[in-house]
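Student: I have a protein model open and I'm not sure how to read it. Could you walk me through a few features?

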Amino acid sequence: MRRSVLVVCVIAVLTLVITTLTSASEFKLAPETKEKIYFRGWQYKTHIVEDNVARYNKEMGGNVDYATITGDYPSLMETQLATGAQLDILYGNPSSACRYFDGGWVLPIDEMPNAAEIKAALYPNLLKAWTYKGKLLGLPYFVTTRGAIHVNLKKYKEAGLTDADFPATWDELYDQLYVLRDRGFKKPFLPHWFAEWYGINWAFIFEVMNRGGRVADPVTHKPLLTVDGPGGETLRDWKRIWKDGLVPQEVLTYRESDYLEAWGSGEYVMSPQQMYDLKKFNDPRYSKFAGYCSLLPYKGQSWGLIDSALYIISNRKRSAAHTRDVMRFASWYGYRDHKGEIFVGQRWMDESMLFSGYKEVMESAKTKEGMKGSLSRSEDYKAVLEVYANTPYPDDVFNVVWADEFGSFLRETLANFLTQDRPVDKTIQAINDKIVALNKKYGIK
């Protein structure tokens, strides 16, 4: 009797598993309606995006309309979502996605027929980072380390320094700037202080984390900065190199394009940049020191933060059939195409060294060879992987509804700290007070 019950249970479980797998594998990617799908993103190699969309429209009979949004992207997209504009799929950082989700504007990936398959294909730490209140907020666009310290090896060697002199911590890096100045490089450092919504504010967040601190508690989101801790240390070092003229003060007015152009000029010795732009700056079309752009390796202290972006599905009013079409295109674009390949994710890896959240892309032989061909030295391949593996993710200030509001405040506050010579203690207090006010505003206790 017990054996019969056991057999029945096993059959039931197997039937459920087979049904689930079949429904996922039979998830058709061609649209069933003629409804237009509105896809929006920020400005980055838009010719590739347009080409990807054109392929879907041509080969799958799709009706996807893509356009690029310029300006304050998170705010502009929030306005469109809040007003129910024609917007079906959009780029978004996890911080923005959390806010959009709390606004009721996001259709989580959990609602897709192949959600379980997608989740199983992701690295567990990234699945965790992109999950908010139990829901996966989007499909992976890219992952990278923002704040990896690029090094101009040509100038570094001109200063009489070698890999053995590479700084292991922010303290050592700032001290070495004075060595570089004394050896003829008046402004050796290009800091991540530019004026975009992910500029100087993210620089502060990642440096605090690299020093072992947190801006806020990752669970309660209560403020954690202190004058004597990593936050105060970061501000004091910033003020020191600012006043001593070791950085170009005009960086505070730069857009990211200006910032990238400045580093590509070859004028500076070190700069926090995106990991993926090692490929760009080893290309003579974009860099005056191509072949000499390396990075500081991991020596016990992390560098930068995990920067990532998602393809987010909006929750605007649509027919059930139209929503299924949106899911089909999202799956084709953000997961596997109709040939079963992670086409878009692999293409970004090949074209720009944009890391993927999918294990299959990152662990392929093609990716390994492509990365080696994008770096200045063979040993940099190992350094890239070690830096990336040890990069922290700021869920304390990213995975919270007030992330974008706080980012705007922090950006202005930090710029004023430098340009108006505001004191460290009052700046730390202002940041903590803002977090307290935001927690109160949104009922976070």
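Tutor: Sure, we'll go through pockets, a helix, some buried side chains, backbone angles and cysteines. Keep in mind that this is a predicted model.

Student: Let's start with pockets. How does anyone find empty space in a protein?

Tutor: Rolling a probe the size of a water molecule over the atoms shows where empty space is left. Here, the largest pocket comes out at about 950 Å³. Its lining has 37 residues, and the closest to the centre are Gln 43, Tyr 44, Glu 256, Leu 260 and Tyr 276.

Student: Which elements each supply at least two residues of that lining?

Tutor: They are α2 (46-60), β6 (139-152), α11 (256-264), α12 (277-281), α14 (343-352) and α16 (365-374). By class, the lining residues split into 14 nonpolar, eleven polar and twelve charged.

Student: And what is the volume of the second largest pocket?

Tutor: The second largest pocket holds about 530 Å³ of space. It is lined by 23 residues, with Lys 128, Ala 129, Tyr 393, Asp 395 and Asn 399 the closest to its centre. Two or more lining residues come from each of α6 (124-129), β4 (131-132) and α17 (380-389).

Student: Which element gives the most to the lining of the second largest pocket?

Tutor: That's α6, with four residues. The class count for this lining is 13 nonpolar, five polar and five charged.

Student: You listed α11 for the largest pocket. How should I read a helix like that?

Tutor: Here's the general idea. An α-helix has 3.6 residues a turn, so residues three or four places apart point the same way. In α11, the buried residues are Glu 256, Tyr 259, Leu 260, Ala 262, Trp 263 and Gly 264. Among the elements covering them are β6, β7 (270-274), α12 and β8 (293-295).

Student: What about backbone angles? When is a phi value worth a second look?

Tutor: Most residues other than glycine have a negative phi, and most peptide bonds are trans. Just after α11, Gly 266 has a positive phi of about 80°. Now look at two residues other than glycine: Met 353 has a positive phi near 60°, and Asp 421 has a positive phi near 50°.

Student: Where do Met 353 and Asp 421 lie?

Tutor: Met 353 is in the loop between α14 and α15 (359-362), while Asp 421 is in the loop between α19 (403-419) and α20 (424-441). Met 353 counts as buried because its relative accessibility is 1%, under the 20% cut-off. Asp 421, at 42%, counts as partly exposed.

Student: Can we look at a residue from α19 itself?

Tutor: Try Phe 417, which lies in helix α19. Phe 417 is buried, as its relative accessible area is 0%. Distance along the chain and distance in space are two separate readings: Phe 417 and Thr 427 are ten residues apart in sequence, and their C-alpha atoms are 7.0 Å apart in space. Beyond its neighbours within four places in sequence, Phe 417 is in contact with Leu 235, Lys 239, Arg 422, Pro 423, Val 424 and Thr 427.

Student: Now charged side chains. Is Arg 318 buried or exposed?

Tutor: Arg 318 counts as buried, because its relative accessibility is 15%. You'll find Arg 318 in the loop between β9 (305-313) and α13 (320-334).

Student: Which side chain does Arg 318 join in a polar contact?

Tutor: That would be the side chain of Asp 88, at 2.8 Å. A polar atom of the Arg 318 side chain also lies 2.7 Å from the backbone oxygen of Ser 314. Other residues touched by Arg 318 include Leu 87, Leu 107 and Val 326.

For another case, go to Asp 307 in strand β9. With 3% relative accessibility, Asp 307 counts as buried. Its side chain makes a polar contact of 3.4 Å with the side chain of Asn 93. Asp 307 is also in contact with residues including Phe 142, Thr 144, Arg 146 and Trp 202.

Student: Last one: how many disulfides are there in the whole structure?

Tutor: A disulfide is a covalent bond between the sulfur atoms of two cysteines. In this structure, the search finds zero. Two cysteines to look up are Cys 98, buried with a relative accessible area of 1%, and Cys 293, buried with 0%.

Terms used. Residues numbered from 1 in each chain as written. Predicted model: local features only at pLDDT ≥ 70, side-chain atom pairs only at ≥ 80, totals over all residues. Heavy atoms only, no water. Buried < 20%, exposed > 50% of the residue type's maximum accessible area, 1.4 Å probe, protein only. Polar contact = N/O pair within 3.5 Å; in protein donor to acceptor, adjacent residues only side chain to side chain. Contact = heavy atoms within 4.5 Å. Disulfide = S-S within 2.5 Å. 1 Å grid on protein atoms, 1.4 Å probe; cavity = no way out; pocket = protein on both sides within 12 Å on 5 of 7 lines; lining within 4 Å. Points joined across faces, edges and corners; volume = space filled by probe spheres on them. Nonpolar A, V, L, I, M, F, W, Y, C, P; charged D, E, K, R; others polar.
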